[in-house]
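Hi,

Here is the structure I promised to pass on to you. Have a look at it first, and then read my notes below.

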Amino acid sequence: MAAVIAAAGLIQPDASATGHAGPSTAPASAPRAAAPDPAAVTYPLDCKGLPTAVTATAQGDLDGDGRPETVVAVRCDAGSGTPPHAIYVLAQDKAPGATPRVVATLLEAGKRQTATELTVRDGVVTAGLLGYSSPQVPRYSPDVKQLAKWRWSGGKFRQELTNSDAGSV
């Protein structure tokens, strides 16, 4: 008899049949906007005919508008070597069918740095960057490691903090 009572407690009616979602289901809310798709963007990176490669992404609401942005680390897909990265912020227009677009450049490829990490947390973009202290440093052996952070403030992204450690990375 105890087994029958225990089994009866595990069987629940289908929520669609009763019109009641049950106590454990959260109330329905408006669907969240999707973060921009990095594959749907043409990046302003001069790769001299080579394709681009997105190597890292992070999503979050950076400007407080309730819609997520996507931050991407992009480099030329050279096939060998370590081409420098650019870091872009992508936004999705509200119009149905609109494609995502680059709205900000946080790191230009001309800075000749490689992004090793990329995160978005509490509206702050954080990137681990590897670079070179001088042109004499071999390109296969970066000797500068930085932690760069950007936050949306006053209508643009501002770099808040960069810590660097020179030496072997």
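**The pocket and what surrounds it**

Strand 3 (86–91) and strand 4 (101–107) each supply at least two residues of the lining of the largest pocket. Please keep in mind that this is a predicted model. The space in that pocket comes to about 210 Å³. It is lined by 14 residues, and the closest to its centre are Asp63, Asp65, Glu69, Ala91 and Val103. By type, the lining has 7 charged, 6 nonpolar and 1 polar residues.

Next, the sheet. Its 4 strands are arranged in the order 1-2-3-4, forming an open sheet with antiparallel pairing. Strand 1 (52–60) and strand 4 are at the edges with a single partner strand each, so one side of each has no neighbour in the sheet. From one strand to the next, the twist averages 30°. Inside the sheet, 5 bridges join strand 2 (residues 69–76) to strand 3 in the antiparallel sense. If you want a spot to zoom in on, find valine 72, which stands opposite tyrosine 88 of strand 3.

Finally, how many salt bridges does the structure hold? There are 2 salt bridges. Side chains of opposite charge can pair when their charged atoms come close. One salt bridge links lysine 48 and aspartate 46, with the closest N and O atoms 3.0 Å apart. Lysine 48 is exposed, at 72% relative accessible area, and aspartate 46 is exposed too, at 59%. Aspartate 93 and arginine 101 form a salt bridge as well, their closest N and O atoms being 3.1 Å apart. Here aspartate 93 is partly exposed at 32%, and arginine 101 is partly exposed at 42%.

Happy exploring!

Key
Residues are numbered from 1 along each chain as its sequence is written. This is a predicted model: local features need pLDDT of at least 70, side-chain atom pairs count only at pLDDT 80 or more; totals for chains, interfaces and linings use all residues. Side-chain values use heavy atoms; hydrogens and water are left out. On a 1 Å grid over the protein atoms alone, a cavity is a set of points where a 1.4 Å probe fits but cannot get out, and a pocket is an open set with protein on both sides within 12 Å along at least five of seven lines; lining residues have an atom within 4 Å of a point. Grid points are joined across faces, edges and corners, and a volume is the space filled by probe spheres set on the points. Ala, Val, Leu, Ile, Met, Phe, Trp, Tyr, Cys and Pro count as nonpolar, Asp, Glu, Lys and Arg as charged, and the others, Gly among them, as polar. Two strands pair if DSSP finds at least two bridges between them. Axes are lines fitted to C-alpha atoms, for helices over the stretch in contact, and angles run from 0 to 180 degrees between N-to-C directions. A salt bridge is a side-chain nitrogen of Lys or Arg within 4 Å of a carboxyl oxygen of Asp or Glu. Buried means under 20% relative accessible area, exposed over 50%, partly exposed in between (1.4 Å probe, protein chains only).
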